[in-house]
Amino acid sequence: METKFSHYRLWDTHMHSQFSGDSEAPQEEMIATAIEKGLAGICFTDHLDIDYPEEPDIFLLDLPNYTSSVLAYQEKYAAKLPVRLGIELGLQPHLAALYTDILSQYPFDFVIGSSHVVHGLDPYYATFYEKRTEKAAYREYFESILENIESYHDFDVYGHLDYVVRYGPTSNENYDWREYQDVIDEILRKLVSLGKGIELNTGGFKYGLGHPNPTEEIIRRYRELGGDIITIGADAHKPEHVAFDFAKVPSILKDAGFDYFTVFRERKPEFVRIE
């Protein structure tokens, strides 16, 4: 077990519970692990992916029960750990109006916009790569992020910006972000111009990439282009993955030019200096 307070009082603001179609983790177990690991706070961000191609109903989040559950634990653990209500939206351009309506109905603290589906296919599955070279697939993924941002930007940060490299035929073995820098720079500039952030997602370490998602270089590039909102999340789907490899986070942030990280409350950013 990791030593208490080994995580510099960081927040984990990307995690999934039993309300996500790809998780069975009880929320209270996620909270207990966060307390045990000495985190300063957490935010649940369960999946809502409407019009998901493989299993259309798997990520249709039960919003009323999810919301009431998080708010109940927020009250129960108020004296021990801040628990905030978030959501991870699986973005596709045609869903923009629907997501706008949904967000207006619930008191979310934090909204992650993510790309899980690219032109009707999820890069998680091998079928996405069948008629594309790996490089073409990666470029199409990044270009689809631009399409999403042009259509919809009522989110706070863009999640795991290079998610696609987790699942490509050779993963990140042949991946060099500079081969896609033209489109990645365009993404980052657009996010900066809209006042949106990105996340440092340590799930990349869990998946064996040796880097976060996005890579350290993209995080640094976001900062160079004027970006100032950076959240932290482990993308945990099990209690044991809460704050995964968070010991690496402070140095990654500082090397990228950040001496703080960001959390959200009621959709407003709070900047927390790294201890």
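Helices here are DSSP runs of type H or I with at least four residues, numbered from the N terminus. Keep that in mind as we walk through this structure, which is a predicted model. By that rule helix α8 covers residues 249-256, and right after α8 comes Gly 257, with a positive phi near 105°. We will come back to α8 further on.

A good place to start is the sheet. Seven strands form an open sheet in the order β1-β2-β3-β4-β5-β6-β7, and their pairing is parallel. At the edges sit β1 and β7 (230-233), each of which pairs on one side only.

Now look at β3, which spans residues 83-90 and has 8 of its 8 residues buried. In a regular strand, side chains alternate between the two faces of the sheet. You can follow this along β3: Val 83, Leu 85, Ile 87 and Leu 89 point one way, while Arg 84, Gly 86, Glu 88 and Gly 90 point the other way, and all are buried. Notice that Arg 84 and Glu 88 are among those buried residues.

What lies on either side of β3? One partner is β2 (residues 41-48), which pairs with β3 in the parallel sense over 7 bridges. Within this pairing, Cys 43 stands opposite Arg 84. To get from β2 to β3 the chain passes through helix α2 (residues 63-76), making a right-handed β-α-β crossover. The other partner is β4 (residues 110-114), joined to β3 by 5 bridges, again in the parallel sense. Here Ile 87 faces Val 111 of β4. The link from β3 to β4 runs through helix α3 (residues 96-103), and this β-α-β crossover is right-handed too. Another bridge between these strands matches Gly 90 with Ser 114 in β4.

Helix α2 deserves a closer look. Its 14 residues reach 20 Å from the first C-alpha to the last, close to the 20 Å expected at 1.5 Å a residue. The buried residues of α2 are Leu 63, Tyr 66, Thr 67, Ser 69, Val 70 and Tyr 73. Viewed down the helix axis, the buried residues of α2 fall within an arc of 165°, so they line one face of the helix. That face packs against α1 (27-36), β2, β3 and α3. On the other side of α2, Glu 75 and Lys 76 are exposed.

Next, follow the chain past β4 to His 116, in the loop between β4 and α4 (134-151). Is His 116 buried or exposed? With a relative accessibility of 5%, His 116 counts as buried, because the cut-off for buried is under 20%. Its side chain makes a polar contact of 3.1 Å with the side chain of Asp 49 and another, of 3.3 Å, with that of Glu 88. So this loop residue leads us back to β3, where Glu 88 is one of the buried residues. Leaving out residues up to four places away in sequence, His 116 also touches others, including His 47, Gly 90, Leu 121, His 160 and Tyr 163.

His 160, one of those neighbours, lies in the loop between β5 (157-158) and α5 (181-194). His 160 is buried, with a relative accessible area of 1%. Its backbone is worth a glance as well. Most residues other than glycine have a negative phi, and most peptide bonds are trans. His 160, however, has a positive phi near 25°. Asp 51, also not a glycine, has a positive phi of about 60°; Asp 51 is in the loop between β2 and α2 and counts as partly exposed at 45% relative accessibility. As for the peptide bonds, a cis one joins Asn 213 and Pro 214, with omega about -5°. Pro 214 is in the loop between α6 and α7.

Back to α8, as promised. Its buried residues are Val 249, Pro 250, Ile 252, Leu 253 and Ala 256. These residues cover an arc of only 165° around the axis, which puts them on the same side of α8. Among the elements covering them are β6 (197-201), α6 (203-206), α7 (216-224), β7 and β8 (260-265).

Finally, visit Ser 23, in the loop between β1 (11-12) and α1. Ser 23 counts as buried at 7% relative accessibility. Beyond its neighbours within four places in sequence, Ser 23 is in contact with His 16, Ser 17, Gln 18 and His 237. In the case of His 237, the backbone oxygen lies 2.9 Å from a polar atom of the Ser 23 side chain.

Note on methods
Residues are numbered from 1 along each chain as its sequence is written. This is a predicted model: local features need pLDDT of at least 70, side-chain atom pairs count only at pLDDT 80 or more; totals for chains, interfaces and linings use all residues. Side-chain values use heavy atoms; hydrogens and water are left out. Buried means under 20% relative accessible area, exposed over 50%, partly exposed in between (1.4 Å probe, protein chains only). Helices (H or I, at least four residues) and strands (E, at least two) are DSSP runs, numbered from the N terminus. Two strands pair if DSSP finds at least two bridges between them. A crossover is right-handed if, with the strands pointing away from the viewer, the path from the first strand over the helix to the second runs clockwise. The expected span of a helix is 1.5 Å times one less than its number of residues. The arc is that of the directions from the helix axis to the C-beta atoms. Contact means heavy atoms within 4.5 Å. A polar contact is a pair of N or O atoms within 3.5 Å; within protein, one must be able to donate a hydrogen and the other to accept it, and residues adjacent in sequence count only if both atoms are side-chain atoms.
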